[in-house]
Amino acid sequence: MKTPVLPLFALAAAAAVPGQAAAKQGDVQLKLLATLVAPDGKISDVELDAIGLPAGTQTRANDNVTPTIAIEYFVAGHVSIETIAGVTQHDVDGRGALDGAELVSDAKIVPATLTLKYHFGADGGIRPYVGAGPSYFIFIDEKPGAAAVALGATRQKMDDSFGVALQAGVDVPLNAKGLGLTLDAKRYFLRPTAHWYAGTTEVLRTEHKLDPWVISAGVAYRF
């Protein structure tokens, strides 16, 4: 019987990945990442409309790629706590009756997140993980877009919002000194409220399904 080539090649590739010292309580892992933030942003409820949104108006936030840092502390060999640091910037554009119209301009978001993670796999090898935890999205320096200004809005504000994040990923060791590659995916669930003002008068208030996918890849160093 012929020896199957593909399984042997896969075994050789796995064996070529260098081992790494086992994670232990008190270890810290630092990750430098390139991160795609892909939010939804559609309107889930119109709570106040004094400017007359056209029927069928819907919204969507644009995607962004940004650098992020993750810091992870191991409370045990298979359990860690992780937080991330970064800022992402997005516009919110109209869909439907206002297709392509800019409603929010340059909203900067700090996605403060803390997840509890469980790591699978043998110590020192490739380690998939899952995690979950709370998030708090802080919105900074957002402005009404050109279409919102044309409808009479002079100021725009997004409420900071609590949410929940689910997480999955994998850490791949590159050497025995703590260096590795990491891939990570998070899905957030949150419902921020947006306010538009004409002068000091609120003229539009909408609730949004933000729910971004946050996909990251980069290098990790554990010490």
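**Note on the strands and the largest cavity**

1. In this predicted model, an open sheet of four strands follows the order β2-β14-β13-β10 and is paired in the antiparallel sense; strands here are DSSP runs of E with at least two residues, numbered from the N terminus, and two strands pair if DSSP finds at least two bridges between them. At the edges stand β2 (42-49) and β10 (155-158), each of which pairs on one side only. Neighbouring strands of this sheet are turned by 20° against each other on average, direction ignored, with axes taken as lines fitted to C-alpha atoms and angles running from 0 to 180 degrees between N-to-C directions.

2. As to conventions, residues are numbered from 1 along each chain as its sequence is written, and side-chain values use heavy atoms, with hydrogens and water left out. Because the model is predicted, local features need pLDDT of at least 70 and side-chain atom pairs count only at pLDDT 80 or more, whereas totals for chains, interfaces and linings use all residues.

3. Within the open sheet, β2 and β14 (residues 201-209) run antiparallel and are joined by six bridges, and Ile43 has His208 in β14 as its bridge partner.

4. Strand β7 (102-119) has several antiparallel partners. With β8 it pairs over ten bridges, Lys117 being matched with Gly131 in β8. With β5 (residues 79-85) the pairing extends over five bridges, and Val79 stands opposite Tyr118 in β7. Two bridges join β7 to β9 (residues 143-144), where Pro144 is the bridge partner of Val104.

5. Five bridges also join β6 to β7, again antiparallel, and Gln89 stands opposite Lys108 in β7. These two strands, β6 and β7, form a hairpin with six residues between them, and Gly96 in the turn has a positive phi of about 70°.

6. A search of the whole structure finds five cavities of 30 Å³ or more; a cavity is a set of points, on a 1 Å grid over the protein atoms alone, where a 1.4 Å probe fits but cannot get out, and lining residues have an atom within 4 Å of a point. The largest cavity holds about 250 Å³ of space, a volume being the space filled by probe spheres set on the points, which are joined across faces, edges and corners.

7. Of the 25 residues that line the largest cavity, Pro39, His90, Ile109, Phe139 and Leu210 lie nearest its centre. The largest share of this lining, four residues, comes from β7. By class, the lining has 17 nonpolar, eight polar and no charged residues, where Ala, Val, Leu, Ile, Met, Phe, Trp, Tyr, Cys and Pro count as nonpolar, Asp, Glu, Lys and Arg as charged, and the others, Gly among them, as polar.

Conventions
On a 1 Å grid over the protein atoms alone, a cavity is a set of points where a 1.4 Å probe fits but cannot get out, and a pocket is an open set with protein on both sides within 12 Å along at least five of seven lines; lining residues have an atom within 4 Å of a point.
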